[in-house]
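Okay, everyone, thanks for squeezing me in. Let me put the thing on the screen and then we'll walk through a few parts of it.

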Amino acid sequence: MHKRWIRSISSSKKKTKKKTCNEFEEFWKNSYTQYIHGIPTVFYKSELSKKQRHDRLDPVLLYDDSTYNPATKVRFVCTSDTHNLTERFTKPVPYGDVLLHAGDFTQEGEMCQVEQFSEWLESLPHRIKIVIAGNHDLTLDAGRFPQNHIRDAFIGRLQRSCIYLEDSTAIINGIKIYGTPWIPEYNGKWGFELKREDECSAKWREIPSDTDILLSHTPPVGHGDRCADSSRAGCVNLLQQVQLRIKPQYQVFGHVQEDSGITTDGQTIFINAAMCNEKMKPVLDPVVFDMDKKSEEMLLVSSTSQWNALTNV
Ligand code: MN
């Protein structure tokens, strides 16, 4: 029954979207107030948990080995929050066409940590690897690391093993993947922090409306964002734009390691792909999903220099 439901999301997306779009427009019109808008725990308790779906999905529902055919489908393998602990993984990363990493691949973004992560990526067999930074990868934040040559060295090392997205898009077989590293302000000491409300809203407005897979470090509020003390760390502004405008089929993220797993609001499938748990133990599994190819053209990247470098991938 669940598999039929998942198929119905992709095969009759337009119909599903129209129906849910009205529901979400109604929700935001009636629930939006300046007082609660930026505070995720208050917003979740007072509005979201009462009026929206947060159905948890079993990971096995997102892929089907009996129908997977690399000629017609793209298999994505989602990871996040590996924190240079990949040597302690107890199981191999499953094979797929595209590996996604939603940030926090290092502890503090030191060069040796970036190199160690890059070597791990090179050891994996996936045809394409797409990576964004997280708040722990702070040397990649131009605001924190304004010396271009140092930041370029970190990114240069990373780009030898993957496509590094920072507020940019990669298109694989017609599927548009947008990557963004930013999080709502944590304590001002880490990388890629933005103030809730205006700064977050402005950044999320850069996300193209035709995005199929949104790769962000932060979760939206209400999905994969429940902290150990039951507070919510996700972004209210991001959920608003995801539900009203972007409507991606998938949003893949990490950051809140206490709440890994898959949920849906009936429109988007939200994947918290953290591989380290709240005790920083690398014991969680990557999440796999399949999507139908939209074109034969294998890879386009929005950055011209990367596009030139990767035309032969
Ligand atoms: Mn993080």
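Let's start right at the hairpin of strand 12 and strand 13, which has four residues between the strands. Look at G266 there: in this predicted model, G266 takes a positive phi near 95°. The two arms of that hairpin, strand 12 (residues 261-264) and strand 13, run antiparallel and are joined by four bridges. If you want one pair to click on, take G261, whose bridge partner in strand 13 is N272.

Now, strand 13 has another partner. Strand 11, residues 250-253, is joined to strand 13 by four bridges, and here the two run parallel. N272 turns up again, this time with F253 standing opposite.

So what covers the two faces of strand 13, or are they open? Covered, both of them. On one side you have I269 and I271, on the other F270 and N272, and they're all buried. The odd-even split is what you'd expect, because side chains in a regular strand alternate between the two faces of the sheet.

Okay, moving on to the other sheet I wanted to show. Five strands make an open sheet in the order 5-4-3-2-14, with mixed pairing. The edges are strand 5 (163-164) and strand 14 (287-292), each of which pairs on one side only.

Let's walk in from the strand 14 edge. Strand 14 pairs with strand 2 in the antiparallel sense, over six bridges; for example, K73 has D292 as its bridge partner in strand 14. Next, strand 2 pairs with strand 3 in the parallel sense, over four bridges, and V77 finds its bridge partner, L99, in strand 3. Then strand 3 (residues 98-101) runs parallel to strand 4 (residues 128-131), again with four bridges. L99 is in that pairing too, with K129 as its bridge partner in strand 4.

Strand 2, residues 73-79, deserves a second look. Five of its seven residues are buried, so strand 2 is largely enclosed by the rest of the structure.

Right, a helix. Helix 5 covers residues 111-123, and there's a quick sanity check on its geometry. At 1.5 Å a residue, its 13 residues should span 18 Å, and the end C-alpha atoms come out 19 Å apart, which agrees.

Which residues of helix 5 are buried? V114, F117 and S118. They take up an arc of only 100° around the axis, which puts them on the same side of helix 5. The spacing makes sense too: an α-helix has 3.6 residues a turn, so residues three or four places apart point the same way. Those buried residues of helix 5 pack against helix 6 (148-159). Flip to the other side of helix 5 and you get C112, E119 and S123, which are exposed.

Zooming out to the chain: nine helices and 15 strands. Of the 313 residues, 42% are buried. And of the contacts with a separation of 6 or more, 69% are between residues 24 or more positions apart.

Last bit, confidence. The chain averages a pLDDT of 89, and 88% of the residues score at least 70. Over residues 1-16, though, pLDDT is below 50, and that stretch has eight contacts in the model beyond near neighbours in sequence. Residues 304-313 also stay under 50, with 10 contacts beyond four places in sequence.

That's my tour, over to you.

How values were computed. Residues numbered from 1 in each chain as written. Predicted model: local features only at pLDDT ≥ 70, side-chain atom pairs only at ≥ 80, totals over all residues. Buried ≥ 20, exposed ≤ 12 C-beta atoms within 10 Å, placed from the backbone. Pairing = 2+ DSSP bridges. Contact = placed C-beta atoms within 7 Å. Expected span 1.5 Å × (residues − 1). Arc of directions from axis to C-beta. pLDDT = per-residue confidence, 0-100.
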